[in-house]
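User: I should like a close look at one part of the model shown below, namely its disulfides. Please give one connected account that also covers their surroundings.

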Amino acid sequence: MVLSRSNSDEKEKGSIGSPTAEAELVQLAEQEAGWGVKNLDEVIRDAQALTTEETLKELQRILDIHEYDPNFPGHILDNAKRVLFDKELQANETEYNEVLTSLKVDIVLIVDNSPYPETTIPASTFRAWFIGLIFAASGAAINQLFDLRQPPITVDEFVAQLLAYPFGKALEKILPTRRFRTFGYEWSLNPGPFSQKEHMLITVMANVSFTSPYTTYIYLVQINKSMFNQHLFEALSTTNWIMWIPSLKYSVTAMLITGHYGGLGINPFSTFDWNIVTYLADPIVTPFFSVCNAITGTLCGVFVIAAIFFTNSYNTSYLPMISNGIYDNKGHSYNVSLIVGLDALFDQEAYEQYSPVYISAANVMVYTTFFAIYTATLAHAYLYNRHEIATGFKSLFSRKSPSQVNTDIHTKLMSAYPEVPEWWYLSVLVFAIALGVAGVAAYPTSTTPGVVFFGIALALVFVVPIGVIKATSNIGVTLNVLAETYGYITTAQTLQFAQDLKLGHYAKVPPRPMFMAQIIATFGSILVCLGIFCFQMTGIEDVCTPTQPAKFTCPSARTFFTASVVWGTLGPVKMFGSANSIYRFTLFGFLAGAVAPFLFYAASHKFPNQRWLGKISVPLIICGTLNWTPYSLAWFWPCVPVAYFFSVFIKKRYLPWWSKYAYSTSFPAAIIVFFAVQYKPVPLSWAGNDAPYDNCDLNYSDLELCGYKQIPADPGYFGPGVGEFH
């Protein structure tokens with residue numbers, strides 16, 4: 001919308017100087033950090049210049065885009081609906097004018113306000129690149145090292161953002177200010193005060209490089225033979241205190257209900273480990289509605305898994321309840337080498353002489369909900385976000401510059417910088433596809449390079465719907481299962497790239513340096529991660545074994561291996577797609593995922609005053625169910641009370657403190673603790689270390705000792721025998 005700034009509007013439609021509007025303006029100013037009198041005067045002037053026609057048009061646009069946005073201020077949406085549709089309000093001229101005037105203020109703050117208006121401060125400086133690349137390499141190394149741990153210890157971009165400032169200010173004082181000229185370009189090691197734009201560029205380099213390469217799992221499951229064939233006070237991390245009671249230590253029922261590793265994890269006080277508290281989501285910065293949706297899905301999983309397991313559906317009672325492994329009909333880990341030939345391809349005859357593949361009750365639910373997440377994501381995006389998606393595609397195909405299509409203040413200011421040429425993006429795409437095709441063709445994967453194009457096609461379909469959900473919830477929907485590598489990682493990296501571009505757009509960082517920072521930091525982090533991965537495989541003793549002392553048990557890689565067997569060695573038809581498939585009914589997840597968003601959407605329209613219905617997100621609920629295996633409720637519940645404390649209690653009462661310190665509070669001090677007392681641990685045997693593991697919870701995979709249902713002695717297996725399955 002173009003704000004005309006004309007003063008020809010009828011003044012009888014309300015004055016911005018009314019007591020109500022001024023009071024609201026003061027309240028808004030108190031909530032906006034850094035507002036001064038001059039800014040407030042500008043807001044008043046711009047709001048006075050808005051015509052009634054412009055105001056109503058903009059309110060309709062806001063409703064179209066943000067009506068179902070759980071993060072958008074609810075009072076603005078309510079007032080917009082009243083002004084546009086409430087006949088009683090429109091008949092009451094005095095009240096109508098007051099509401100309309102306050103909305104003019106809101107519109108100016110939404111459309112024409114930027115906390116980073118400066119477009120002349122340099123961003124691509126020596127300081128930014130020097131600090132950014134060091135942080136990119138350091139964060140990539142730490143995250144890759146701990147990626148194989150349960151739970152993983154993760155450094156996020158907020159840590160880099162926090163530490164970059166003192167480093168930048170130090171270089172500001174240390175580096176010489178002498179100016180140089182190279183190829184006609186004048187530059188300096190120290191162009192002046194360390195700026196917000198340099199700070200943002202460093203943060204972006206960290207953000208793109210802190211994610212561990214997903215493809216390392218491919219190598220890991222092929223070269224690590226253990227795959228599937230200490231702490232000073234461990235009890236503070238795994239507080240499965242119910243299993244410490246002597247009479248319950250080896251109670252299978254107690255383990256199945258309360259166990260952290262082998263059970264449902266129903267335990268209100270399950271940990272004091274910050275890495276476990278943050279596993280579901282960062283409780284300090286993630287919106288509380290997102291946490292509530294996710295934990296709702298996790299809680300639903302308790303009942304679904306229990307129902308599957310205790311009714312022995314799919315013979316799950318013979319197996320561990322919570323496991324991401326695969327098993328044969330004797331309850332042993334599935335020996336994949338027995339069903340492949342010398343060429344590593346599937347051997348049907350050998351398979352029929354061995355056993356079908358069985359998965360745990362938790363994994364049955366996870367696969368069902370993975371199928372549901374695909375259709376639920378598309379349905380949710382259509383119902384709740386179709387207007388902004390349609391607007392985005394119109395902009396894409398209009399072939400107009402962004403400043404012509406979008407007239408918000410950020411786009412206006414960013415028009416001062418040259419855009420990134422489209423051929424830059426095309427070159428990266430072609431290069432990435434070529435590498436992917438060459439890697440699949442040259443490496444002995446026994447698959448076709450066509451999987452690269454399938455993954456890209458899947459990403460094209462889902463990247464926008466998933467991006468919209470991530471933007472409003474801070475929780476990403478994953479595309480694992482149907483596309484373990486190229487589909488999943490293409491979507492995830494695309495959204496991370498777009499997220500950084502969005503930050504740069506708001507902070508007024510020039511697009512071309514932003515693009516180069518992302519590309520260079522990504523390549524650098526790949527080299528670092530590969531080096532760390534080689535160290536993990538050769539320098540960490542007993543890596544990927546269940547009893548690895550520092551907990552490098554490779555839970556995610558184990559899940560990846562299970563998926564590679566299900567979707568690669570055996571194939572989805574044998575597992576899910578034929579009339580004789582054991583798990584064919586899990587495909588109803590596709591139908592359930594497609595229908596559920598429509599039900600909640602209809603309910604929110606049926607009961608418009610129940611605002612909480614509009615905050616229900618079926619994809620986020622399903623994401624909560626995907627957290628199971630090898631984790632239980634005990635790993636996710638601790639996030640909820642902490643999230644409530646910060647996102648509700650603190651944020652409502654102490655907003656300035658939350659705005660300033662929330663993103664820096666979540667510093668992973670556990671890294672310091674790990675290197676101080678865990679890595680290469682000194683044996684320390686006492687009750688605080690022994691109690692969490694001297695019970696059925698840690699020994700849940702020992703089915704003779706802690707199994708719920710014993711395999712019949714005659715015939716010595718469960719399910720169909722040799723010659724009875726194909």
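Analyst: A disulfide is taken here as a pair of cysteine sulfur atoms within 2.5 Å. The model is predicted, with pLDDT of at least 70 required for local features and 80 or more for side-chain atom pairs, while totals for chains, interfaces and linings use all residues. Numbering runs from 1 along each chain as its sequence is written, and side-chain values use heavy atoms, without hydrogens or water.

By this rule the protein has 2 disulfides. When the bonded cysteines are numbered in sequence order, they pair as 1-2 and 3-4. The protein as a whole holds 31 helices and 4 strands (DSSP runs numbered from the N terminus; H or I of at least four residues for helices, E of at least two for strands). Of its 726 residues, 49% are buried (under 20% relative accessible area with a 1.4 Å probe, protein chains only).

One disulfide connects cysteine 544 with cysteine 554, at an S to S distance of 1.9 Å. This link of cysteine 544 and cysteine 554 is left-handed, with -75° about the S-S bond. The pair links distant parts of the chain, 10 residues apart, and both cysteine 544 and cysteine 554 sit in the loop between helix H21 (511-539) and helix H22 (555-570). Cysteine 544 and cysteine 554 are both buried.

The other bond is made by cysteine 696 and cysteine 706, whose sulfur atoms lie 1.9 Å apart. The link of cysteine 696 and cysteine 706 is left-handed, with -90° about its S-S bond. Here too the pair links distant parts of the chain, 10 residues apart: cysteine 696 belongs to the loop between helix H30 (687-690) and H31, and cysteine 706 to helix H31 itself. Burial applies to both cysteine 696 and cysteine 706.

Two further cysteines deserve mention. Cysteine 623 counts as buried because its relative accessibility is 8%. Cysteine 639 takes part in no disulfide, and the nearest cysteine sulfur, that of cysteine 292, is 9.7 Å away. Cysteine 639 likewise counts as buried, because its relative accessibility is 0%.

The surroundings of cysteine 706 include an enclosed space. Cys706 lines the second largest cavity, together with Met255, Leu256, Gly262, Phe309, Leu319, Pro320, Met321, Tyr700, Leu703, Gly707 and Tyr708. A cavity is a set of points on a 1 Å grid over the protein atoms alone where a 1.4 Å probe fits but cannot get out, and lining residues have an atom within 4 Å of a point. The second largest cavity holds about 50 Å³ of space, and both helix H11 (252-258) and helix H31 (703-706) supply at least two residues of its lining. That lining comprises 10 nonpolar residues (Ala, Val, Leu, Ile, Met, Phe, Trp, Tyr, Cys and Pro), 2 polar residues and no charged residues (Asp, Glu, Lys and Arg), the others, including Gly, being polar.

The largest cavity offers a point of reference. Its volume is about 140 Å³, and 15 residues line it, among which Tyr68, Pro70, His380, Thr472 and Ser617 lie nearest its centre. Helix H15 (361-398) and helix H19 (450-473) each give at least two residues to the lining of the largest cavity. By class, the lining of the largest cavity has 7 nonpolar, 6 polar and 2 charged residues.

Methods
Buried means under 20% relative accessible area, exposed over 50%, partly exposed in between (1.4 Å probe, protein chains only). On a 1 Å grid over the protein atoms alone, a cavity is a set of points where a 1.4 Å probe fits but cannot get out, and a pocket is an open set with protein on both sides within 12 Å along at least five of seven lines; lining residues have an atom within 4 Å of a point. Grid points are joined across faces, edges and corners, and a volume is the space filled by probe spheres set on the points.
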